[in-house]
Amino acid sequence: MNVMAQEEDERIRDKSVSLELLGPSVLVGATYDARFKPDSKWGYRAGVGYTYLSSVGCMGGTDRQYAVMMPLGVNYIPGEGKGRLEVGAGVSLGITHDSRAGYQYDYNAGTSDAPQMIHVDVERTSKTGFAHFFYGNIGYRHVSKNGFQFRCGISPSFNIGSNDDFDFVVFWPYVSVGYAF
């Protein structure tokens with residue numbers, strides 16, 4: 001009985017599922033992570049993430065952006081023990097939808113203190129497209145004996161030379177909790 005308990009505690013937990021906030025998932029996501037071989041320090045991850053942004057302008061216009069992203073990457077976890085360094089790199093691919101409603105006001109002469117609105121045009125635009133960005137990650141990964149997994153770190157992300165003229169470099173923090181098996 002004692003030998004079986006010891007074997008269970010020392011088994012290799014080379015796969016995991018987790019929920020992730022920020023990082024390559026952008027806002028929130030679910031990820032599957034596995035080693036290429038049970039005793040390998042090299043592994044891969046695949047997941048799905050979702051993000052939603054909304055803003056209202058001072059004149060009442062709205063801007064809403066949705067994205068469903070799929071982060072794919074490789075990672076390396078050196079060392080031994082429950083708490084270890086993790087480094088990785090990959091690409092996050094996805095579908096985005098952007099909708100905007102803006103208002104254009106025309107004023108008559110009125111007075112300078114109280115111009116009078118005489119016409120309002122509502123301008124609506126909607127665009128669905130493909131998005132991608134590259135990311136790295138460096139952080140801490142802890143896997144307890146019962147399989148609880150905690151990860152946190154920083155994920156430098158960049159998109160350069162995209163078709164939508166939206167280049168960026170950002171350093172996302174990330175945190176995730178999950179189960180290793």
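**Group meeting: one helix, eight strands**

The protein chain has 1 helix and 8 strands. This is a predicted model, so please keep that in mind throughout. Along the sequence, the order reads α-β-β-β-β-β-β-β-β. The chain holds 181 residues, and 30% of them count as buried. Now the contacts. Take those between residues at least 6 apart in sequence: 54% join residues at least 24 apart.

Let's start with strand S1. S1 covers residues 15–22, and strand S2 covers residues 28–35. The two run antiparallel, joined by 7 bridges. For the register, look at Lys15: Ala34 in S2 stands opposite. Between S1 and S2 the hairpin has 5 residues. Which residue there takes a positive phi? Gly23 does, with a value near 65°.

S1 has another partner. Strand S8, residues 168–180, is joined to S1 by 7 bridges, and this pair also runs antiparallel. Here Ser16 stands opposite Ala180 in S8. Put together, S1 pairs with S2 and with S8. One general reminder before we go inside: in a regular strand, side chains alternate between the two faces of the sheet.

Next, the core. Which residues make up the largest nonpolar core? There are 6: Val26, Ala67, Met69, Ala131, Phe133 and Tyr135. Strand S4, residues 62–76, and S6 each supply at least two of them. The largest share, 3 residues, comes from S6. As a general point, nonpolar side chains in soluble globular proteins tend to be buried together.

Stay with Met69 for a moment. Leave out residues up to four places away in sequence. Met69 then touches core members Val26, Ala131 and Phe133. Its contacts also include Gly47, Val48 and Gly49. Ser92, Leu93 and Gly94 complete the list for Met69.

Last topic: the second largest pocket. Its volume is about 600 Å³. The elements giving two or more residues to its lining are helix H1 (2–10), S1, S2 and strand S6 (117–143). In total, 25 residues line this pocket. Which of them lie nearest its centre? Arg11, Ile12, Arg13, Gly81 and Arg84. And how does the lining divide by residue type? It has 15 charged residues, 5 polar and 5 nonpolar.

To close, two links. S1 pairs with S2, and both strands give residues to the pocket lining. S6 supplies 3 residues of the largest nonpolar core, and S6 also contributes two or more residues to the lining of the second largest pocket.

Definitions and conventions
Residues are numbered from 1 along each chain as its sequence is written. This is a predicted model: local features need pLDDT of at least 70, side-chain atom pairs count only at pLDDT 80 or more; totals for chains, interfaces and linings use all residues. Side-chain values use heavy atoms; hydrogens and water are left out. Two strands pair if DSSP finds at least two bridges between them. Helices (H or I, at least four residues) and strands (E, at least two) are DSSP runs, numbered from the N terminus. On a 1 Å grid over the protein atoms alone, a cavity is a set of points where a 1.4 Å probe fits but cannot get out, and a pocket is an open set with protein on both sides within 12 Å along at least five of seven lines; lining residues have an atom within 4 Å of a point. Grid points are joined across faces, edges and corners, and a volume is the space filled by probe spheres set on the points. Ala, Val, Leu, Ile, Met, Phe, Trp, Tyr, Cys and Pro count as nonpolar, Asp, Glu, Lys and Arg as charged, and the others, Gly among them, as polar. A nonpolar core is a set of buried Ala, Val, Leu, Ile, Met, Phe, Trp, Tyr and Cys residues joined through side-chain atoms within 4.5 Å. Buried means under 20% relative accessible area, exposed over 50%, partly exposed in between (1.4 Å probe, protein chains only). Contact means heavy atoms within 4.5 Å.
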